[in-house]
Each structure stands twice: as structure tokens, then as C-alpha cells.
Amino acid sequence: MKLLAFASLLFGMLAMYPFSAMPLIAADGPVYVESQRVLDNFGKQGGNPLIPGDAYRVQTDRRTANGYIEIHEKETDIFYIMDGSATIIVGGTAIDPKPTRPGQMTARDIANGQTYNLKKGDVLVIPAGQPHWFKQVNGFINYLTVKSVSQ
């Protein structure tokens, strides 16, 4: 029941907007995305924009392989696991961090991070600046990502 309530709340936050005409979303109006469109977006590999924006972005992600270490300077990631499972390491200290593009970094390893075994229905919030790494994907994982972007 809590899962259904969370999903309803999450998708309730999103008014009917044609995607082909969707520029950056204004914060003064709702955005609605029909469930089938969300589910179809998972069929693509990697991160797929669902709702672009300046203050926040929503995307679907599908992983079938282990990831690499990511550090987002201004983006808080909120993951809602739709299906599948994976082990993720979050926090701790990034070893040998290197910039990949403005506001984004990677690293060789993470020391003293927290391990989470993600599964369907889980929610994980990763504050901006925290290193994170999908260390082990168990077949696949589909997750909805909401990125809250600080200016």
C-alpha cells in the first residue's frame, strides 16, 4: 500500500504535455506523464529523459551491467526501484576523483561507503556531492530517477 501511495504521489506531481514540444519545464505548472509512456521509456538502455528541467529532471534508467563511480556536484539523485535488483555503494571518500564534464566527476574507488542492496519498491536518496557506484547489477535493474538540481 505504501508503494502504491508513493508511486501515485510521484506521478501525481508530474499535466498533460506533448514530449516533442517539451522544453525546460516551468516550475509553475504540473506535468503529467501517462504510465505506458513511462514504462515504454524503460525499454531504452541507460538514462532516458522523461521530463527535462533546470530545477529538477525525471528520467528512466535501465542497467544491465555494473556502473562506474559518479559524483554530481549539484544534483541530488532520488532513485525509485521499479524492477530488478543491484548492489550500490554510496558515500564515503572518492579515491582519485577526476572531472568528466562540468559538475560531474568519477573516481577509481570509494573508501568507507555504505552498501545498499536495492530491490523493487526501494527508494534511495543520494545527496549532491556523494560518490555512488552500482557495483553489482543482478541481471538488470529498472529505476526512475528524479534529479533535484541546486543552482
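**Group meeting: a walk around the β6–β7 hairpin**

Let's start with one pair: Lys98 has Thr106 as its bridge partner in β7. Before I go on, a word on the model. It's a predicted one, so to speak: local features need pLDDT of at least 70, side-chain atom pairs count only at pLDDT 80 or more, and totals for chains, interfaces and linings use all residues. Residues are numbered from 1 along each chain as its sequence is written, and side-chain values use heavy atoms, with hydrogens and water left out.Now the overall layout. The chain has two helices and eleven strands; here helices (H or I, at least four residues) and strands (E, at least two) are DSSP runs, numbered from the N terminus. Read from the N terminus, the order is α-α-β-β-β-β-β-β-β-β-β-β-β. Of the 151 residues, 38% are buried, where buried means under 20% relative accessible area, exposed over 50%, and partly exposed in between, with a 1.4 Å probe and protein chains only. The accessible surface is about 8,500 Å², and carbon and sulfur atoms hold 56% of that. Those areas come from the Shrake-Rupley method with a 1.4 Å probe, and for residues only the protein chains shown count as cover.

Back to our hairpin. β6 (98–101) and β7 (residues 104–106) run antiparallel and are joined by three bridges. Two strands pair, by the way, if DSSP finds at least two bridges between them. Two residues sit between the strands of this hairpin, and Gly103 takes a positive phi near 80° there.

What else does β7 pair with? β3 and β7 pair in the antiparallel sense too, over two bridges, with Ile71 opposite Met105 in β7. That gives an open sheet of three strands, in the order β3-β7-β6, with antiparallel pairing. β3 and β6 stand at the edges with a single partner strand each, so one side of each has no neighbour in the sheet. As a reminder, strands of a sheet pair through backbone hydrogen bonds, either parallel or antiparallel.

Just before β6 comes a residue I'd like you to click on: Asp96, in the loop between β5 (93–95) and β6. Asp96 has a positive phi of about 55° although it is not a glycine. Most residues other than glycine have a negative phi. Asp96 counts as partly exposed because its relative accessibility is 39%. Which residues does Asp96 touch, leaving aside neighbours within four places in sequence? Thr106, Ala107 and Arg108, with contact meaning heavy atoms within 4.5 Å. With Arg108 there is also a polar contact between the side chains, at 2.8 Å. A polar contact is a pair of N or O atoms within 3.5 Å; within protein, one must be able to donate a hydrogen and the other to accept it, and residues adjacent in sequence count only if both atoms are side-chain atoms. C-alpha to C-alpha, Asp96 and Arg108 are 5.7 Å apart, though twelve residues separate them in sequence.

There's a second positive phi outside glycine, at Asn112, about 60°. Asn112 is in the loop between β8 (109–111) and β9, and is exposed because its relative accessible area is 74%.

On to β3 (residues 71–72), where we find His72. Is His72 buried or exposed? Buried, because its relative accessibility is 6%. The His72 side chain makes a polar contact of 3.2 Å with the side chain of Asp77. Beyond its neighbours within four places in sequence, His72 is in contact with residues including Gly103, Gln104, His132 and Lys147.

That takes us to the largest pocket, with a volume of about 390 Å³. His72 is among the residues closest to the centre of that pocket, along with Arg63, Tyr68, Glu70 and Lys147, out of 23 lining residues. Strands that each supply at least two residues of the lining include β3, β6, β7 and β11 (132–149). On the terms: with a 1 Å grid over the protein atoms alone, a pocket is an open set of points where a 1.4 Å probe fits, with protein on both sides within 12 Å along at least five of seven lines, and lining residues have an atom within 4 Å of a point. Grid points are joined across faces, edges and corners, and the volume is the space filled by probe spheres set on the points.

Last stop, Thr115 in strand β9 (residues 114–119). Thr115 is partly exposed because its relative accessible area is 41%. Setting aside neighbours within four places in sequence, Thr115 is in contact with Thr87, Ile88 and Ile89. The C-alpha atoms of Thr115 and Thr87 are separated by 6.8 Å, with the two residues 28 apart along the chain.
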